[in-house]
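Open the model in a viewer and keep the selection tool at hand. The stops below go from the core to the salt bridges, and then to the pockets and cavities.

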Amino acid sequence: MKKMLVSLLTVFALGFSCMALADIPAAHATAQAAIPDKGDTAWMMLTTLLVTLMAIPGLALFYGGLVRSKNMLSVLMQVFVVFALCIVLWVGYGYSIAFTQGNAFFGGFGKVFLVGVTPASTAATFSKGVVIPELAYVMFQATFAAITPALIVGAFAERMKFPAVLLFVLLWFTFAYLPIAHMVWCWAGPDAYTDAAAGAKAAATAGFLFQKGALDFAGGTVVHINAGVAGLVGAFMVGKRTGLGRESMAPHSLTMTMVGASLLWVGWFGFNAGSNLEANGGAVLPFANTMIATAAATLSWLFAEWLIKGKPSMLGAASGAVAGLVAITPACGFVGIGGALIIGIGAGLVCLWGVNGLKKLLGADDALDVFGVHGVGGMFGAVMTGVFSDPALGGSGVYDYVANKVGEFSLSAQVMSQLWAVGIVIVWSGIVSLIAYKLVDITIGLRVGEEQEREGLDISAHGESAYRY
């Protein structure tokens with residue numbers, strides 16, 4: 001525990017020292033002459049709250065209901081505290097590394113501890129001449145950065161030390177989440193694309209996967225594949241739960257899981273529609289696509305499971321909903337209604353296989369199916385984004401900011417760009433996760449003792465219980 005606290009203090013000390021470095025302009029900074037619209041500002045504040053709702057209490061209750069009653073509080077604690085930790089880290093150095101210009105893989109340190117970010121500073125949207133308050137953008141992206149590591153805890157639920165969870169998150173957030181967010185989402189903003197020469201110069205300052213042409217509207221790669229791969233590595237590194245296959249490990253409260261899934265569904269509108277950054281017609285498409293794909297995935301998972309097992313289950317319906325939410329995330333602003341419907345149906349079927357057939361093939365004890373739903377669903381959604389963003393299939397295509405119109409579209413080229421993104425995220429997150437888990441294991445140890453695990457982490461780790469007995 002002392003070593004973990006020392007690591008945290010070291011990171012903050014480095015953050016303060018970096019404030020003396022050169023002030024590198026934010027990738028989203030635009031001319032101060034543009035004035036944010038009140039509606040857009042209110043929209044971004046609302047969607048930030050919706051994404052917060054996804055994590056606390058949404059994700060916490062969804063995960064909490066899936067574990068045994070003796071570990072309910074521990075899962076709530078992990079999600080809640082990981083979310084809080086990442087908000088602080090985001091303000092400290094996360095925003096600067098993710099969204100200021102540096103190189104293709106890492107941003108700079110010009111905005112550590114939000115130096116230079118004021119209520120008057122602005123950030124670009126996806127429309128020329130339109131801005132929002134930069135602080136609103138910072139907080140919106142903070143919720144993405146905070147929920148992503150919280151997703152990972154489901155993979156090693158019921159058996160990892162609480163200090164180990166926090167130290168792993170600190171390392172993974174710094175070396176996996178931030179670089180990938182920078183690679184996918186960092187760019188100079190639309191106003192930089194005034195002509196071909198200026199456009200080429202601006203494109204050269206963008207993140208690596210942005211330069212590759214990868215599309216990710218709201219986090220299929222940055223959030224879901226990233227977290228899913230980290231969860232799978234963690235399941236292998238931490239090892240299987242004691243008694244797995246011999247003792248009952250059924251969810252203790254599907255009521256809580258259903259409530260959590262419902263909160264995720266509601267909050268996800270902030271996740272997806274909010275990523276439009278403006279309260280206009282462009283936000284309506286991801287809003288509608290999120291509703292449609294989620295409903296379709298709920299039904300496809302439910303009916304497929306019903307056909308296979310003979311009975312429809314609440315767990316299947318809730319899992320299908322989350323699968324649909326995950327898969328539509330990268331595509332929601334780029335595909336038409338028909339594309340969203342197909343992605344939703346496919347996500348339910350693909351993720352059902354992910355948590356059953358693929359899970360057995362891999363042999364890892366991914367306790368709450370982080371990889372099977374978020375990893376597999378994220379990959380499926382990312383590739384399908386390349387397919388259904390084609391205007392010929394009802395998609396929006398890719399906007400050319402130099403020509404100020406939708407550019408020519410090549411389905412094969414776009415799918416290849418999507419595969420680039422999927423592959424890079426799998427490799428990057430996998431390597432960083434492996435190293436981070438190993439470092440934690442060497443320093444403070446990953447796993448609780450067998451006696452503590454059997455007693456339950458609520459009592460053994462926190463001295464509290466979710467329920468009275």
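Which residues have the most contacts inside the largest nonpolar core? Select Tyr63, Trp90, Met160, Phe168 and Tyr177, which hold that place in a core of 114 residues. A nonpolar core here is a set of buried Ala, Val, Leu, Ile, Met, Phe, Trp, Tyr and Cys residues joined through side-chain atoms within 4.5 Å. Buried means under 20% relative accessible area, exposed over 50%, and partly exposed in between, with a 1.4 Å probe and protein chains only.

Before going on, note that this is a predicted model: local features need pLDDT of at least 70, side-chain atom pairs count only at pLDDT 80 or more, and totals for chains, interfaces and linings use all residues. Residues are numbered from 1 along each chain as its sequence is written, and side-chain values use heavy atoms, with hydrogens and water left out.

**Core**

Colour helix H5 (162-185). H5 supplies the largest share of the 114-residue core, 19 residues. Helices (H or I, at least four residues) and strands (E, at least two) are DSSP runs, numbered from the N terminus.

Now centre on Phe168 and show its surroundings. Beyond neighbours within four places in sequence, Phe168 is in contact (heavy atoms within 4.5 Å) with Ile152, Met160, Ser433, Ala436, Tyr437 and Val440. Another core lies apart from the largest one and has 18 residues. To find it, select Ala218, Ala327, Phe334 and Val415, which are among its members.

**Salt bridges**

The structure holds ten salt bridges, each a side-chain nitrogen of Lys or Arg within 4 Å of a carboxyl oxygen of Asp or Glu. Begin with Glu134 and Lys111, whose closest N and O atoms are 3.0 Å apart. This pair links distant parts of the chain, with Glu134 in helix H4 and Lys111 in the loop between helix H3 (72-99) and strand S1 (122-124), 23 residues apart. Glu134 counts as buried because its relative accessibility is 2%. Lys111, at 7%, counts as buried too.

Move to Arg241. Its salt bridge with Glu158 has closest N and O atoms 3.0 Å apart, and both residues are buried. Arg241 sits in the loop between helix H8 (220-238) and helix H9 (254-273), while Glu158 is in the loop between H4 and H5, 83 residues apart.

Add Asp365 to the selection. The side chains of Arg241 and Asp365 also meet in a salt bridge, at 2.9 Å from N to O. Asp365 lies in the loop between H12 and H13 and Arg241 in the loop between H8 and H9, so this pair ties together parts 124 residues apart in sequence. Asp365 is buried, as is Arg241. Extend the selection to Arg68 and Arg159 and the network of salt bridges linking Arg68, Glu158, Arg159, Arg241 and Asp365 is in view.

**Pockets**

Where is the centre of the largest pocket? Select Phe126, Trp187, Phe334, Tyr399 and Tyr401, the nearest to its centre among 43 lining residues. Its space is about 1200 Å³. On a 1 Å grid over the protein atoms alone, a pocket is an open set of points with protein on both sides within 12 Å along at least five of seven lines; a cavity is a set where a 1.4 Å probe fits but cannot get out; lining residues have an atom within 4 Å of a point. Grid points are joined across faces, edges and corners, and a volume is the space filled by probe spheres set on the points.H4 gives the largest share of the lining, four residues.

Next, select Leu315, Val355, Lys359, Ala367 and Asp369, which lie nearest the centre of the second largest pocket. This pocket holds about 680 Å³ of space and is lined by 29 residues. Helix H12 (337-362) is one of the elements that supply at least two of them, and H12 gives the most, five residues. By class, the lining has 15 nonpolar, six polar and eight charged residues. Ala, Val, Leu, Ile, Met, Phe, Trp, Tyr, Cys and Pro count as nonpolar, Asp, Glu, Lys and Arg as charged, and the others, Gly among them, as polar.

**Cavities**

A search of the whole structure finds four cavities of 30 Å³ or more. The largest has a volume of about 60 Å³; its lining includes Leu232, Lys359, Asp366 and Phe371. H12 gives the most to that lining, three residues.

Finish at the second largest cavity, of about 40 Å³. Select Met54, Ile147, His224 and Trp268, which are among its lining residues. Eight of the lining residues are nonpolar, two polar and none charged.
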